[in-house]
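Subject: A structure for you, with notes on its salt bridges

Hi there,

Here is the structure I promised to pass on. Please open it alongside this message, and then read on for what turned up.

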Amino acid sequence: SSLLCGDYAAIDTSDAGGMNLMDLNTRKWSDAACTATAPDCRVKLGSEPVEPWTVLGPICAYFQQRYKFSSSCSVVCCSGDNPNAIVGLRLGPGDIAISLGTSDTLMGVMSKPAPKKEGHVMCHAGEPDTYFAMLVYKNADVVRRQVRDTCSEGDWGLFSRQLNESRPGNDGNILLGVLADEITPPITQLGLHREDAAGHR
């Protein structure tokens with residue numbers, strides 16, 4: 001948004017909540033959190049967070065001249081990929097979604113913020129009085145790629161066919177891959193940890 005506006009622009013409430021510097025109830029910067037973080041943190045953050053659908057102003061002259069944007073083109077604040085995934089999936093309170101990516105995320109929507117030590121709580125990017133919790137798992141794509149390389153000859157097509165041919169639940173066989181220290185929950189014992197339906201490791 002700042003790039004398109006040609007100046008520092010306000011941060012949306014979803015991303016501001018993810019920074020742990022905003023009071024989720026007031027949707028304003030928390031003086032206590034900012035003071036504990038860094039000198040002049042509150043000043044450096046600039047204006048208060050705004051809702052993602054807030055119009056910040058016209059697109060700056062550079063984009064008008066260089067790329068022929070109309071001077072009537074407005075810049076909308078928007079939000080990040082995970083908050084927008086919640087909106088795009090039309091999730092409401094009680095709904096959850098799993099996103100498989102470089103990191104995997106588990107996101108759940110709630111009507112009141114309930115922060116915990118693990119994970120993040122952010123404002124819903126489409127509903128003013130709604131929130132979502134997000135857990136991030138670091139050992140995601142890196143583990144899938146290792147399984148693909150080890151069991152599927154490095155071929156995603158073969159990997160997908162093998163997955164489709166497996167029964168739901170994988171007959172009780174579980175693999176927990178930890179190739180780097182995990183964030184949620186904290187796991188530092190690296191390796192591929194397997195357990196079968198009988199509990200054998």
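What follows is a short tour of the salt bridges. Please keep in mind that this is a predicted model.

The count comes to seven salt bridges. Three of them are described below, among them one that links two separate elements.

Let me begin with that one. Asp 104 pairs with Arg 144, and their closest N and O atoms are 2.9 Å apart. Asp 104 belongs to strand β6 (residues 104–110) while Arg 144 sits in helix α7 (residues 141–151), so this salt bridge ties together parts that are 40 residues apart in sequence. As for the surroundings, Asp 104 has a relative accessible area of 13%, which makes Asp 104 buried because the cut-off is under 20%. Arg 144, at 21% relative accessibility, counts as partly exposed.

Helix α7 also holds a salt bridge within itself: Asp 141 and Arg 145 both lie there, four residues apart, or about one turn of the helix. Their side chains meet at 2.7 Å, N to O. Both partners are partly exposed, Asp 141 with 21% relative accessibility and Arg 145 with 35%.

The last pair for today is Arg 167 with Asp 171, where the closest N and O atoms are 2.4 Å apart. How accessible is Arg 167, buried or exposed? At 57% relative accessibility, Arg 167 counts as exposed, and Asp 171 is partly exposed at 45%.

Enjoy looking around, and write back whenever you like.

Best wishes

Key: Residues are numbered from 1 along each chain as its sequence is written. This is a predicted model: local features need pLDDT of at least 70, side-chain atom pairs count only at pLDDT 80 or more; totals for chains, interfaces and linings use all residues. Side-chain values use heavy atoms; hydrogens and water are left out. A salt bridge is a side-chain nitrogen of Lys or Arg within 4 Å of a carboxyl oxygen of Asp or Glu. Buried means under 20% relative accessible area, exposed over 50%, partly exposed in between (1.4 Å probe, protein chains only).
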